[in-house]
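Student: Could you take me through one part of this model in close detail? I would like to see how a pocket and its surroundings fit together.

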Amino acid sequence: MKIGVLMGGWSWEREISLRSGKMVANSLRRQGFKVVEIDVDYNIVSTLKKAKIDIAFVALHGVPGEDGTIQGLLDILGIPYTGSGVLASSISINKIITKKVLIASGITVPKYFYGNFNLNRIKKTLGPPPWVIKPVSSGSSLGVNIVNKAKELKSIFEKVKREYKDAFIEEFIHGPHITVGILADKPLPVLELAPKSGFYNYEAKYTKGLTDFIIPARLPNKVYKEAQEIAIRTHNAIGCSGFSRVDMIVSDNTPYVLEINSIPGLTDISDLPAEAEYAGISYDDVIYKILECTVRQY
């Protein structure tokens with residue numbers, strides 16, 4: 001079987017994608033597969049035709065990997081691929097649409113404001129600061145800002161909106177950050193993220209030593225199990241396939257879903273492989289299981 005590992009791309013998360021892709025490619029080679037590493041650019045159609053791969057292992061983070069673009073192309077070319085399809089991918093990358101789907105599914109999410117800037121309406125919707133500003137369609141905590149003063153909100157909001165094309169404002173919820181990976185459509189152990197700076201931004205996420213990764217998360221047993229339950233419900237509500245990762249904050253023993261990642265990081269310090277390792281699943285087994293889900297699906 002000849003597997004093309006799709007990585008890189010042109011999103012803000014390119015470097016992380018390259019790291020994920022290299023790890024995946026090395027794992028597949030260790031397991032005896034024939035592997036082609038493909039750095040996705042705007043010539044991807046001709047590249048794929050020349051490569052003549054049997055399966056695409058999609059290790060792209062952000063656009064065009066997590067928004068359904070590459071999935072649609074692979075569907076047209078008749079190439080099977082790992083992970084979620086076009087619809088689930090295009091929903092999950094958009095945090096606003098994701099929130100609407102989850103709310104309709106009875107899943108708790110933080111209150112949010114999306115639309116033209118109006119400070120009075122923001123205060124009425126979210127209550128007093130602090131607030132969190134986030135890009136609508138970006139991962140890896142890129143562009144996330146915590147605002148403590150109302151007078152600072154507009155300038156930061158407009159800056160994020162300019163840089164990332166669209167943004168929204170969310171209520172700030174106090175509590176531990178947790179994440180739950182889904183592998184072969186089943187929840188993994190819950191991981192707690194404890195950034196030493198108190199803010200889980202891009203640097204804290206991808207720099208060794210800046211965040212403590214605690215497995216299992218320090219939660220009451222009932223809340224722990226509920227978080228796993230909510231993660232699989234979120235995965236299913238969005239329509240994801242094979243694997244994903246659901247990020248939450250827990251406040252007053254209530255898990256609030258922040259987002260779902262249809263192609264979570266697969267680097268040496270990424271959350272899903274760490275959770276799998278705690279469950280006794282090696283990195284190579286994680287990659288094999290993702291590939292196995294694809295073979296079964298097709």
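Tutor: Happily; here is a walk through the largest pocket, one of its strands, and the pocket that ranks second. Keep in mind that this is a predicted model.

The largest pocket has a volume of about 500 Å³. Its lining counts 32 residues, and K134, H177, Y200, I249 and L258 are the closest to the centre. By type, the lining divides into 18 nonpolar, five polar and nine charged residues. At least two lining residues come from each of strand 5, strand 7, strand 8, strand 9, strand 11 and strand 12, and strand 11 supplies the largest share, with four.

Let's stay with strand 11, which spans residues 243–251 and includes D247. D247 has a relative accessibility of 9%, so this residue counts as buried. Its side chain makes a polar contact of 3.3 Å with the side chain of N261. Beyond its neighbours within four places in sequence, D247 is in contact with I178, T179, Y256, V257, L258, E259 and N261.

Strand 5 leads us to a sheet: four strands in the order 4-7-5-6, open and antiparallel in pairing. Strand 4 and strand 6 are the edges, each pairing on one side only. Strand 5 and strand 6 are joined by three bridges, and I133 has N145 of strand 6 as its bridge partner.

Now for the second largest pocket, with a volume of about 410 Å³. Among its 22 lining residues, W12, V63, I93, S137 and S138 lie nearest the centre. Helix 7 and strand 12 each give two or more residues to this lining, and strand 12 gives the most, with three. Here the division is seven nonpolar, eight polar and seven charged.

Key: Residues numbered from 1 in each chain as written. Predicted model: local features only at pLDDT ≥ 70, side-chain atom pairs only at ≥ 80, totals over all residues. Heavy atoms only, no water. Buried < 20%, exposed > 50% of the residue type's maximum accessible area, 1.4 Å probe, protein only. Polar contact = N/O pair within 3.5 Å; in protein donor to acceptor, adjacent residues only side chain to side chain. Contact = heavy atoms within 4.5 Å. Pairing = 2+ DSSP bridges. 1 Å grid on protein atoms, 1.4 Å probe; cavity = no way out; pocket = protein on both sides within 12 Å on 5 of 7 lines; lining within 4 Å. Points joined across faces, edges and corners; volume = space filled by probe spheres on them. Nonpolar A, V, L, I, M, F, W, Y, C, P; charged D, E, K, R; others polar.
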